[in-house]
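Colleague: I am new to reading models, and I would like to know how the terms used for them are justified. Could we go through this one, term by term?

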Amino acid sequence: MKLFIDTGNLKDIENLVPLGIIDGITTNPSLLAKEPGDYRDILKKICQTVKGPTSAEVVATDYEGMLREGRDLASIDPHIVVKVPFTKDGVRACKTLSSEGKKVNVTLCFSPAQALIAAKVGATYISPFVGRLDDIATSGMNLIGEIVEMIEALFKHPLTDIGLEKFLKDWEKAQTVKA
């Protein structure tokens, strides 16, 4: 299990890291806007303190802007994970940035299908917005279960097993006839 804290507050992070329970940090523009100082300096200090994945989100909403900002954020520290929203441009930016070797976190995912698309384009992390679902009287934790179940179900289907068994029997039979 990995534990990530959703904050931009360096003092909170500095208090928790010595406990040995923090694996990474996720931030967003709202969280960083609450902190005094330059966001780049804050992100650098967070990375140096945590020494683990630190998600920093783009504020651009267009593909080119996301790429520009994502590349800039990634240059702050090797621990930076570029965070993009689940939009068409965000998905496209994820594909490009991940193919460049950058780690990407796709946020604002609200369905298993969105999570699957994010994974397909190379997301290192996917951040379902559990709290926002809870705010509209939908169980956010059910979404987590649905995503896990979907991923596990992708590798197991009874017709896959039946088909594979048939292919192997046909192959074995053909090899016996040829021998």
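**From value to term**

Modeller: The model is predicted. A convenient place to begin is a charge and a ring: the charged end of Arg92 lies 3.6 Å from the centre of the ring of Tyr63, and sits over that ring.

Colleague: What makes the distance for Arg92 and Tyr63 count?

Modeller: The cut-off is 6 Å from the ring centre for CZ of Arg, together with an angle of 35 degrees from the ring normal. The value for Arg92 is 3.6 Å, and its charged end is listed as sitting over the ring of Tyr63.

Colleague: Which residues does Thr96 contact, leaving aside neighbours within four places in sequence?

Modeller: Thr96 is in helix H5, and its contacts of that kind are Tyr63, Leu67 and Arg71.

Colleague: Why is Thr96 called buried?

Modeller: Buried means under 20% relative accessible area. Thr96 has 18%, so it counts as buried.

Colleague: How many aromatic pairs are there?

Modeller: One, by the rule used here. Phe4 and Tyr125 form it, with 5.5 Å from centre to centre and 65° between the planes.

Colleague: Why is the pair of Phe4 and Tyr125 called edge-to-face?

Modeller: Ring centres must lie within 6.5 Å, and planes over 60 degrees apart count as edge-to-face. At 5.5 Å and 65°, Phe4 and Tyr125 form an edge-to-face pair. The pair links distant parts of the chain, since Phe4 is in strand S1 and Tyr125 in strand S6, 121 residues apart.

Colleague: Are Phe4 and Tyr125 buried, exposed or partly exposed?

Modeller: Partly exposed is the class between under 20% and over 50%. Phe4 has a relative accessible area of 27%, so it is partly exposed. Tyr125, at 25%, is partly exposed as well.

Colleague: What else does Tyr125 contact, beyond its neighbours within four places in sequence?

Modeller: Besides Phe4, the contacts of Tyr125 are Pro53, Val81, Val104, Asn105 and Val106. Tyr125 and Val106 are 19 residues apart along the chain, and their C-alpha atoms are separated by 6.4 Å.

Colleague: Which residues touch the most other members of the largest nonpolar core?

Modeller: That core has 32 residues, and the ones in question are Leu43, Ile46, Leu73, Ile80, Val84, Cys94 and Val106. Among the elements that each supply at least two residues are helix H1, helix H4 and strand S5. H3 gives the largest share, five residues. As a general point, nonpolar side chains tend to be buried together in soluble globular proteins.

Colleague: What does Val106 touch farther along the chain?

Modeller: Not counting residues up to four places away, the contacts of Val106 include Val84, Phe86, Cys94, Ala118 and Ile126.

Colleague: How do you know that both faces of S4 are covered?

Modeller: Side chains in a regular strand alternate between the two faces of the sheet. In S4, Ile80, Val82 and Val84 are on one side, Val81, Lys83 and Pro85 are on the other, and all are buried. That is six of its six residues. Strand S3 is also covered on both faces: Thr54 and Ala56 on one side and Ser55 and Glu57 on the other are all buried.

Colleague: What makes S3 and S4 a pair of strands?

Modeller: Two strands need at least two bridges to pair. S3 and S4 have four, in the parallel sense. Ala56 stands opposite Val82, and Glu57 stands opposite Lys83. The chain crosses from S3 through H4 to S4 in a right-handed β-α-β crossover.

Colleague: Which strands pair on either side of these two?

Modeller: S2 joins S3 by two bridges and runs parallel to it, with Ile25 as the partner of Thr54. S4 and S5 pair in the parallel sense over four bridges, and Lys83 has Asn105 as its partner in S5. S4, H5 and S5 make a right-handed β-α-β unit.

Colleague: What is the phi of Lys51, and what is that of Leu108?

Modeller: Most residues other than glycine have a negative phi. Lys51 has a positive phi of about 55°, and that of Leu108 is near 65°. Lys51 is in the loop between H3 and S3, while Leu108 is in strand S5.

Colleague: Why is Lys51 called exposed?

Modeller: Exposed means over 50%. Lys51 has 62%, so it counts as exposed. Leu108, at 27%, is partly exposed.

Methods
Residues numbered from 1 in each chain as written. Predicted model: local features only at pLDDT ≥ 70, side-chain atom pairs only at ≥ 80, totals over all residues. Heavy atoms only, no water. Phe/Tyr/Trp six-rings, centres within 6.5 Å; stacked < 30°, edge-to-face > 60°. Buried < 20%, exposed > 50% of the residue type's maximum accessible area, 1.4 Å probe, protein only. Core = buried A, V, L, I, M, F, W, Y, C linked by side-chain atoms within 4.5 Å. Contact = heavy atoms within 4.5 Å. Right-handed = clockwise from strand over helix to strand, strands pointing away.
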